[in-house]
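Welcome, and please open your viewer. This tour goes one selection at a time, with a short look at what is there.

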Amino acid sequence: MTYEELQRNPTIRAYISRADESLRALGYTEHSFAHVTHVAETAGYILSTMGYDAHLIELAKIAGYLHDIGNLVNRVEHSQSGAVMAFQILNGMHFPAEDVATIVTAIGNHDEGTGVPVNAIAAALILADKADVRRSRVRNQDTTTFDIHDRVNYSVTKSQLKINEDRTLVKLKLSVDMHFGSVMDYFEIFMQRMILCRKAAEKLGLQFKLIINEQQLV
């Protein structure tokens, strides 16, 4: 089964949708099809740009699409529960054991609490996931009741992850509207994520740079 076929699979779509419903009830930002598709495509872009073969790029997209299904079980340790779910799903679809192992490893290591970029796909997934910061992920439309996660995501009017032509540097460039959030807000909740991004970039032979409003911060 290809990444495109996986996107149309009704079982997987149900799991993604219901996982996002749980996060909506908990007050989290959007983790539905827009997020997982963005993560999948970005992970594919990263490995494609770095010269990895088409098969690994396909696995990275699949890992990206499935990476948040563990939120269906609970937000706590969702990367591990998602990995177990992905194992069951892909094994049931008769994916080759090597491919299942690679995808499950990446999903189980994408969260900043316990994750480690143990392989190239895990590294690409980490970078793609943590780079998806944008205003449209905020569900709460009442700016007076924003929590820090709402403020940070809503304040980002533009987000771009790019690898340079020499394939030595990956930059996460953010345009931040300071009316809704500050750079300190961003670092309060994203410092661990940015440290993991740096480790992920290093796994791919890259340096990681964070640039906010044209100023390099990391």
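Start by selecting helix H6, residues 97–108, and helix H7, residues 120–130, in this predicted model. The axes of H6 and H7 come within 8 Å and cross at roughly 40°. H6 and H7 are therefore oblique to each other, and their crossing is right-handed. To see where they touch, show the side chains of Thr102, Ala106 and Ile107 in H6, which meet Ile121, Ala122 and Leu125 in H7. Colour these contact residues by type and you get five nonpolar, one polar and no charged.

**Next stop: the surroundings of H7**

Keep H7 selected and ask how many of its residues are buried. The count is eleven of eleven, so this helix is mostly covered. You can click through them from Ala120, Ile121 and Ala122 to Asp129 and Lys130, each of them among the buried residues.

What covers the buried residues of H7? Bring in helix H3 (33–49), helix H4 (54–66) and H6, then helix H9 (183–203). Two strands also belong to the cover: E1 (156–163) and E3 (207–212).

**Add H3**

From that cover, pick H3 and view it together with H7. The two helices pack at an angle of about 130°, with their axes 8 Å apart. H3 and H7 are therefore oblique to each other, with a right-handed crossing. On the H3 side, select His35, Val39, Thr42, Ala43, Ile46 and Leu47. On the H7 side, the partners are Ala120, Ile121, Ala124, Leu125, Leu127, Ala128 and Asp129. Sorted by type, the residues of this contact are ten nonpolar, two polar and one charged.

**A lysine in H4**

Now jump to Lys61, which lies in helix H4. Is this lysine buried or exposed? Its relative accessibility is 17%, so Lys61 counts as buried, the cut-off being under 20%. Show what lies around Lys61: beyond its neighbours within four places in sequence, it is in contact with Tyr3, Ala40, Glu41 and Gly44. For a distance to try in the viewer, pick the C-alpha atoms of Lys61 and Asp132: they are 71 residues apart along the chain and separated by 15 Å.

**On to H5 and H6**

Return to H6 and add helix H5, residues 78–92. These two pack at an angle of about 160°, with their axes 8 Å apart. That makes H5 roughly antiparallel to H6, since the angle is over 145 degrees. Their crossing is right-handed.

For the contact itself, select Ser79, Gln80, Gly82, Ala83, Ala86, Phe87, Leu90 and Asn91 in H5. They meet Val100, Ile103, Val104, Ile107 and Gly108 in H6. The residues of this contact divide into eight nonpolar, five polar and no charged.

Zoom in on Phe87, one of the H5 residues just selected. At 37% relative accessibility, Phe87 counts as partly exposed. Its contacts, leaving aside neighbours within four places in sequence, are Val100 and Val104. Then look across to Phe146: the C-alpha atoms of Phe87 and Phe146 are 59 residues apart along the chain and separated by 36 Å.

**Two loop residues**

Which loop holds Glu77? Select the loop between H4 and H5 and you will find it there. Glu77 has a positive phi of about 55° although it is not a glycine. This residue is exposed, with a relative accessible area of 59%.

Move along to the loop between H5 and H6, the place of His94. This histidine also has a positive phi, about 65°, although it is not a glycine. His94 is exposed too, at a relative accessible area of 71%.

**Last stop: the core**

In soluble globular proteins, nonpolar side chains tend to be buried together. Here the largest nonpolar core has 64 residues. To explore it, select Leu172, Tyr186, Phe208 and Leu210, the residues with the most contacts inside it.

Finish on Leu172 and display its surroundings. Not counting residues up to four places away in sequence, Leu172 touches Ala131, Ser159, Gln160, Leu161, Tyr186, Met194, Phe208, Lys209, Leu210 and Ile211.

Terms used: Residues numbered from 1 in each chain as written. Predicted model: local features only at pLDDT ≥ 70, side-chain atom pairs only at ≥ 80, totals over all residues. Heavy atoms only, no water. Axes fitted to C-alpha atoms, helices over the stretch in contact; angles between N-to-C directions. Helix = DSSP H or I, 4+ residues; strand = E, 2+ residues; numbered from the N terminus. Parallel < 35°, antiparallel > 145°, perpendicular 65-115°, else oblique. Left-handed = near helix turned anticlockwise from the far one by under 90°. Contact = heavy atoms within 4.5 Å. Nonpolar A, V, L, I, M, F, W, Y, C, P; charged D, E, K, R; others polar. Core = buried A, V, L, I, M, F, W, Y, C linked by side-chain atoms within 4.5 Å. Buried < 20%, exposed > 50% of the residue type's maximum accessible area, 1.4 Å probe, protein only.
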